[in-house]
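Reader: I am new to this structure. Please show it to me, and then I will ask how its labels are earned.

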Amino acid sequence: SWGAFLDGMYANIGAEDQEGPLGRANIDVTMEQAILDFGVMYRVLEREPAAAGPAANPRDLSIDLYAGGRLSAVEISVDPARRIERSSDQTWVDPIVGARAFLPIAEDWHAEINADIGGFGAASDLTWSATAVLGYDFRLFDRPASALVGYRLIGWDYGDGRGRDEFTWDVVQHGILLGLEIWW
């Protein structure tokens, strides 16, 4: 009934030679980000799929509740032509709580939906995420595994410091995700 999870993401995004104020100078902007969700989960519901027969998915319908943390690390750099580069970075950890549902839909296919909320003023005032994926089930290194495609939304309301040292990360990111899940 108990399990643990790690879910990570890394991004390095940049734009070069962007037009600056009044069209005068070129600016290079980069953002590097890492996210690691971690925690423990408890299975509150587990049922065999309603469909039976050779085309049925052998995995059970299940609902898990989880609690853990979200480690967020962000570095942003702005490098204007003919001026000094400025950068800022922050790393923080927020508590999170959430739920995940696993729904077998065909012989080697399933859907997963999960959502969480956190922060609670520990680091961020608020952090949250919602994810929906379609998975293809197979075996990898003699372990159950799934190739995943889906969509994820994740948001933060985080701030630290004051004045010139202030760092604010009030961001909602979303987009398509590709993943690999291995069950141990």
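Reader: What pattern does the protein follow, read along the sequence?

Author: The pattern is β-β-β-β-β-β-β-β. This is a predicted model, where local features need pLDDT of at least 70, side-chain atom pairs count only at pLDDT 80 or more, and totals for chains, interfaces and linings use all residues. Residues are numbered from 1 along each chain, and side-chain values use heavy atoms, without hydrogens and water.

Reader: How do you know the count of helices and strands in the protein?

Author: DSSP runs decide: H or I of at least four residues makes a helix, E of at least two a strand. The protein comes to zero helices and eight strands.

Reader: What makes a set of residues the largest nonpolar core here?

Author: Such a core joins buried Ala, Val, Leu, Ile, Met, Phe, Trp, Tyr and Cys residues through side-chain atoms within 4.5 Å. Buried means under 20% relative accessible area (1.4 Å probe, protein chains only). Nine residues make up the largest one, including Met31, Ile35, Trp92 and Trp169. Strands E2 (26–47), E7 (143–160) and E8 (167–182) each give two or more. E7 supplies the largest share, three residues.

Reader: Which residues does Ile35 touch?

Author: Contact means heavy atoms within 4.5 Å. Leaving out residues up to four places away in sequence, Ile35 touches Asp7, Gly8, Met9, Arg70, Leu71, Ile154, Trp156 and Gln173.

Reader: What is the radius of gyration of the protein, set against a compact globule?

Author: The radius is taken over C-alpha atoms, and the globule rule is 2.2 Å times the number of residues to the power 0.38. For 184 residues a compact globule would be near 16 Å, but the protein has 21 Å. The C-alpha trace spans about 70 × 35 × 25 Å along its principal axes.

Conventions. Buried < 20%, exposed > 50% of the residue type's maximum accessible area, 1.4 Å probe, protein only.
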